[in-house]
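Colleague: I have a model to go through with you. Can we take it question by question?

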Amino acid sequence: MKIRTFFALPIPERISRPLSDCADTLCEFDRGLDAHWVDSSNYHLTLCFLGDVSLEQVSELEQLAREELKQQPAFMVPLDCLGYYRANPRLSVLAALPSQHESLDTLHQHMVNIAKKAGVRYDERDFKPHVTLARLPAQNRFKVPDSWPEPGLTTPADSVVLYQSRPGERGSIYTPLFDVSLSA
């Protein structure tokens, strides 16, 4: 049996609320109502999308993550801009994006390495860590604003979670499979 998974940082409610306000201001640019807005309770900062993995790989991913991240210190991630980009040939996203951040880049690379060691075929060349606010079909009527709202938020990177993603009636359902705390 295969399950769809990704590594992410959980977003605390004190950060997801103001992010949701930013998403609300972007609704007016979704002229064709093409966007599928993510409920703020499902916000997370995606570090590495793994796709379909086996249950055995989940166990291996957990063991590798615990080993590789035991010396990884916690840090803060600035979520200081919003953006719109094509994630793949079928999908575009509206997302909160961190500015260039060395610790986040290092953590992203750790998660990619862990996935590869567990035998996951990882090939997202242009992936950027992000918080998805809305998903749109690649061909859509979203009008990119001249001036984006600036969230000016900072979220903690204090634990990494492997989530399972399943389709639901009102968007994806995310279930934490394991989490690894980063050192204080």
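Modeller: Yes. One term to begin with: two strands pair if DSSP finds at least two bridges between them. Keep in mind that this is a predicted model.

Colleague: In what order do the five strands of the open sheet run?
Modeller: The sheet is open, and its pairing is antiparallel. At the edges, β2 (36-37) and β7 (153-157) each pair on one side only. The order is β2-β6-β5-β4-β7.

Colleague: Which helix packs on the sheet?
Modeller: The helix in question touches β2, β4, β5, β6 (131-137) and β7. Its direction makes about 135° with that of β7. It spans residues 13-26 and is helix α1.

Colleague: Over how many bridges do β4 and β5 pair?
Modeller: β4 covers residues 75-88 and β5 residues 91-98. N88 stands opposite L91 in β5. The two strands run antiparallel, and the count of bridges is eight.

Colleague: What pattern does the chain follow along the sequence?
Modeller: There are three helices and nine strands to place. Read along the sequence, they give β-α-β-β-α-β-β-α-β-β-β-β.

Colleague: What is the radius of gyration of the chain?
Modeller: The globule rule gives 16 Å for 184 residues. The chain comes close to that, so it is as compact as a globular protein of that length. The C-alpha trace spans about 45 × 35 × 25 Å along its principal axes. The radius of gyration is 16 Å.

Colleague: What share of the residues counts as buried?
Modeller: Buried here means under 20% relative accessible area. Of the 184 residues, the share that passes is 48%.

Methods. Residues are numbered from 1 along each chain as its sequence is written. This is a predicted model: local features need pLDDT of at least 70, side-chain atom pairs count only at pLDDT 80 or more; totals for chains, interfaces and linings use all residues. Side-chain values use heavy atoms; hydrogens and water are left out. Helices (H or I, at least four residues) and strands (E, at least two) are DSSP runs, numbered from the N terminus. Contact means heavy atoms within 4.5 Å. Axes are lines fitted to C-alpha atoms, for helices over the stretch in contact, and angles run from 0 to 180 degrees between N-to-C directions. The radius of gyration is taken over C-alpha atoms; the globule rule is 2.2 Å times the number of residues to the power 0.38. Buried means under 20% relative accessible area, exposed over 50%, partly exposed in between (1.4 Å probe, protein chains only).
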